[in-house]
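Here are some exercises to work through with the model open in your viewer. Try each task before you read its solution.

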Amino acid sequence: MGIVEEAHNVKILGTGDRTIVLAHGFGTDQSVWKHLVPHLVDDYKVVVFDNMGAGTTNPDYFDFERYSTLEGYAYDVIAILEELQIPCCIYVGHSVSAMIGAIASVARPDLFTKLVTVSGSPRYLNDVDYYGGFEQEDLDQLFEAMRSNYKAWCSGFAPLAIGGDMDSVAVQEFSRTLFNMRPDIALSVLQIIFQSDLRHMLPHVTVPCHIIQSMKDLAVPVVVSEYLHQNLGGESIVEVMSTDGHLPQLSSPDVVLPVLLRHIRFDISVDK
């Protein structure tokens with residue numbers, strides 16, 4: 001196993017001519033895809049990995065300077081694909097990994113046949129003529145709560161992000177993976193995500209994009225999916241699901257899995 005593979009806990013599952021890469025978002029790890037993976041392994045080679053900073057990675061490997069922008073994570077994705085000698089893949093990115101995949105696809109479009117994004121956003125802050133869902137004051141309060149008592153913040157944030165029942169298995173699961181992160185790393189990562197603005201990059205994304213979004217999501221207003229659709233440089237298609245929450249593949253797999261499988265299997269020209 002190579003250095004990059006080991007650091008990111010890379011696992012290769014299934015057999016198939018085509019490769020799917022599943023990339024998780026903030027506060028989770030590769031286990032967030034546990035409902036999806038069994039539906040893919042018979043037809044595809046499936047690559048799962050952990051973003052640096054996830055609770056399952058070695059915190060000593062987390063370079064605060066490298067990960068002060070999302071580009072650091074995008075170069076990790078490219079490094080994983082190169083180390084595994086994967087010539088091209090279908091990339092499924094959740095939350096921040098939607099934009100990480102977009103950045104990687106601009107640098108190396110040859111490595112990606114298409115991007116499937118779940119709950120992705122190019123900017124979380126509101127701006128003139130742009131609704132991201134947050135004001136700076138909201139974010140400052142959130143960061144302060146993380147600093148003052150990380151465990152209490154996790155317990156409060158998990159049900160808000162998941163939506164629905166406070167005691168659900170999905171809330172417990174997200175609370176667990178959130179709390180596994182080292183608090184200073186979690187704060188740094190979330191600040192980078194919430195303060196990021198990748199709107200300028202969208203026209204440079206030429207790889208086809210399938211944009212999947214929950215109807216109700218604390219972190220990403222539904223209008224953001226349409227903004228992505230209008231501003232991406234390549235072909236794109238939007239599907240808004242009737243789900244509640246930012247991690248629908250964990251909280252509503254019955255609804256989400258058929259949608260994800262359809263977008264993985266069919267290309268935009270077929271969908272139209």
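A residue is called buried under 20% relative accessible area and exposed over 50%, with partly exposed in between. Please keep in mind that this is a predicted model.

**Exercise 1.** Classify Val223 as buried, partly exposed or exposed, and place Val223 in its surroundings.

Step 1. The relative accessible area of Val223 is 46%, so Val223 is partly exposed.

Step 2. Val223 belongs to helix α8. Its C-alpha atom is separated by 9.8 Å from that of Gln213, 10 residues apart along the chain.

Step 3. On the surface, Val223 joins Tyr131, Met215, Val222 and Val240 in a nonpolar patch. Together these residues have about 430 Å² of accessible area. One of them, Met215, sits in strand β6 (residues 209–216).

**Exercise 2.** Work out whether Ser225 is buried or exposed, and find which residues Ser225 touches beyond four places away in sequence.

Step 1. Ser225 lies in helix α8, which covers residues 223–231.

Step 2. With a relative accessible area of 2%, Ser225 is buried, because the limit is under 20%.

Step 3. Leaving out residues up to four places away in sequence, Ser225 touches Ile211, Gln213, Val238 and Val240.

Step 4. For a long-range check, take Gly16: Ser225 and Gly16 are 209 residues apart in sequence, and their C-alpha atoms are 31 Å apart in space.

**Exercise 3.** Check the end-to-end span of helix α10 against the expected value, then list its buried residues.

Step 1. Helix α10 runs over residues 253–265, which is 13 residues.

Step 2. The expected span is 1.5 Å times one less than the number of residues, so α10 should span 18 Å.

Step 3. The end C-alpha atoms of α10 are 17 Å apart, which agrees.

Step 4. The buried residues in α10 are Pro253, Val256, Leu257, Val259, Leu260, Leu261, His263 and Ile264.

**Exercise 4.** How many salt bridges does the structure hold, and which parts of the chain do some of them link?

Step 1. The structure holds 12 salt bridges.

Step 2. Start with Glu82 and Arg108, whose closest N and O atoms are 2.7 Å apart. Glu82 is in helix α2 (residues 71–83) and Arg108 is in the loop between α3 (96–107) and β5 (112–118), so this pair ties together parts that are 26 residues apart in sequence. Glu82, at 46% relative accessibility, is partly exposed, and Arg108, at 24%, is partly exposed too.

Step 3. Next comes a pair within one helix: Glu144 and Arg147 meet in a salt bridge at 3.3 Å, N to O. Both lie in helix α4 (residues 136–148), 3 residues apart, about one turn of the helix. An α-helix has 3.6 residues a turn, so residues three or four places apart point the same way. Glu144 is partly exposed at 43%, and Arg147 is partly exposed at 48%.

Step 4. Now return to helix α10, where Arg262 forms a salt bridge with Glu239, the closest N and O atoms being 2.9 Å apart. This pair links distant parts of the chain, since Glu239 lies in strand β7 (residues 236–244), 23 residues apart from Arg262 in helix α10. Arg262 counts as partly exposed, at 37% relative accessibility.

Step 5. Finally, look for a network: Arg123, Asp127, Asp197 and Arg199 are linked by salt bridges.

Notes
Residues are numbered from 1 along each chain as its sequence is written. This is a predicted model: local features need pLDDT of at least 70, side-chain atom pairs count only at pLDDT 80 or more; totals for chains, interfaces and linings use all residues. Side-chain values use heavy atoms; hydrogens and water are left out. Helices (H or I, at least four residues) and strands (E, at least two) are DSSP runs, numbered from the N terminus. Buried means under 20% relative accessible area, exposed over 50%, partly exposed in between (1.4 Å probe, protein chains only). Contact means heavy atoms within 4.5 Å. Patches are made of residues with over 30% relative accessible area and no salt bridge: like charges are joined within 9 Å, nonpolar side chains (Val, Leu, Ile, Met, Phe, Trp, Tyr) within 5 Å. Accessible areas come from the Shrake-Rupley method with a 1.4 Å probe; for residues, only the protein chains shown count as cover. A salt bridge is a side-chain nitrogen of Lys or Arg within 4 Å of a carboxyl oxygen of Asp or Glu.
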